[in-house]
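Let's take a walk through this protein together, from its overall make-up to a metal site and a few backbone details. Keep the structure open beside you as you read.

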Amino acid sequence: MNDQPNIRRNPLRERLAEGQTIVNAWLSIPSSYSAEGMGHAGVHAATVDLQHGMIGPTDALHMLQAISATPAVPLVRVPSLDPAFMMRVLDSGAYGVICPMISTAEETAELVRACRYPPTGIRSFGPARGLLYGGADYVAHADSEILVIPMIETVAAVENLDAILAVEGVDMIYIGPNDLAFVFDGCVGPDRRKSEEVIAHVLEKAKAAGIPAGIFCADGAEAARRVAQGFALVTPGNDFGILTRGMRAAVAETLGATAACSPAQGGY
Ligand code: 3PY
Ligand code: MG
């Protein structure tokens with residue numbers, strides 16, 4: 001008899017264990033077509049951003065279906081620490097949950113519980129599309145494949161970092177550099193000296209605790225720098241920014257001009 005689980009494995013776990021970089025697409029455009037294209041762009045993961053993306057839950061379902069047709073692992077950033085909502089996105093087939101604005105060990109533990117079936121957690125039974133993506137023994141083994149990823153992007157999270165990193169079930173952390181710049185530098189402009197020090201400190205602490213760290217980046221050049229700095233997962237910009245920057249460059253090339261990028265029009 002073969003007791004091996006048949007659930008679809010999460011290759012991100014293997015990459016993390018082997019210290020291989022994970023490149024993660026960030027999806028804010030509510031389109032399954034666009035999500036599918038991004039999933040085929042050589043990335044290892046694709047995150048449907050339900051916090052700041054222009055995306056509703058039904059769009060997210062269609063985008064997760066589209067990502068399933070690509071080599072990328074489907075992740076979701078949820079809008080907030082709402083267990084009922086997290087269970088819905090997991091039932092839609094997400095293989096990892098990134099939760100913004102986590103500030104305490106208690107919130108982190110609540111996040112882990114929402115993503116794990118009993119007896120470890122409180123995830124309610126109703127695997128729905130999880131079964132279609134993960135396979136027939138999804139419920140028995142989902143806890144071993146789904147990644148739980150709190151975001152570190154508040155002053156309190158930095159203060160409570162040791163306790164957050166010690167919560168059983170945290171698979172990795174994800175840094176929100178823009179929210180950290182807001183609270184440590186007072187703005188999201190180019191001078192980010194204080195938040196950069198905080199980012200280096202968080203990365204060092206995470207490494208010491210054996211927890212891999214991911215980070216949002218403005219573009220590929222920043223993502224390469226963050227990989228060199230020691231980040232395990234990097235997000236080289238979001239889809240809207242990449243699309244509009246590409247078009248701006250094409251227009252400039254057509255007109256023989258230099259592409260100027262206004263932050264208001266370039267995504268974030
Ligand atoms: C941040 O930089 O704060 C983010 O949440 C990135 O999406
Ligand atoms: Mg943020």
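## A guided walk through the fold

P119 is found in the loop between α5 (105–115) and α6 (129–134). This is a good place to start, in what is a predicted model, since a cis peptide bond joins P118 and P119, with omega about 10°. Most peptide bonds are trans, and most residues other than glycine have a negative phi. The loop that holds P119 also holds A128. Phi of A128 is near 45°, a positive value in a residue other than glycine. With a relative accessible area of 48%, A128 is partly exposed.

On the other side of α5 in sequence, look at the loop between β4 (96–99) and α5, where M101 is found. M101 is another residue other than glycine with a positive phi, here near 55°. Its relative accessible area is 38%, so M101 counts as partly exposed.

Now step back to the wider picture. The UniProt record, an unreviewed entry, lists residues 26–240 as "domain: HpcH/HpaI aldolase/citrate lyase". Over that stretch, the chain is 47% helix and 16% strand. The C-alpha atoms at the two ends of residues 26–240 are 9 Å apart.

Within this range, a pair of helices is worth a visit. Two packed helices are described by the angle between their axes and the distance between the axes. For helix α2 (residues 32–39) and helix α3 (residues 57–68), the angle is about 30° and the axes are 8 Å apart. The crossing of α2 past α3 is right-handed. Which residues make the contact between α2 and α3? From α2 come S32, A35 and E36, and they meet H62, M63, A66 and I67 in α3. Sorted by class, this contact has four nonpolar, two polar and one charged residues.

Next comes the metal site. The magnesium ion (ligand 2) has E153 (OE) and D179 (OD) as its protein donors, at 2.0 to 2.1 Å from the ion. E153 sits in the loop between β5 (147–152) and α8 (155–159), while D179 belongs to helix α10 (residues 177–185), so the pair ties together parts that are 26 residues apart in sequence. Are these two donors, E153 and D179, buried or exposed? Both are buried.

D179 has buried company in its own helix: the buried residues of α10 are P177, D179, L180, A181 and D185. An α-helix has 3.6 residues a turn, so residues three or four places apart point the same way. What covers the buried residues of α10? Among the elements doing so are β5, α8, β6 (173–175), α11 (193–209) and β7 (213–217). Just after α10, G186 takes a positive phi of about 85°.

From β7, carry on to the loop that leads to α12 (220–229), where you will find A218. A218 is partly exposed, with a relative accessible area of 39%. Leaving aside neighbours within four places in sequence, A218 is in contact with P236, G237 and R245. To link this last stop to an earlier one, A218 and M101 are 117 residues apart along the chain, and their C-alpha atoms are separated by 19 Å.

Conventions. Residues numbered from 1 in each chain as written. Chains lettered and ligands numbered in written order. Predicted model: local features only at pLDDT ≥ 70, side-chain atom pairs only at ≥ 80, totals over all residues. Heavy atoms only, no water. Axes fitted to C-alpha atoms, helices over the stretch in contact; angles between N-to-C directions. Helix = DSSP H or I, 4+ residues; strand = E, 2+ residues; numbered from the N terminus. Left-handed = near helix turned anticlockwise from the far one by under 90°. Contact = heavy atoms within 4.5 Å. Nonpolar A, V, L, I, M, F, W, Y, C, P; charged D, E, K, R; others polar. Donors = N, O, S within 2.8 Å, 3.2 Å for Na, K, Ca; no water. Buried < 20%, exposed > 50% of the residue type's maximum accessible area, 1.4 Å probe, protein only. UniProt positions renumbered as here; feature names shortened; annotations may be inferred.
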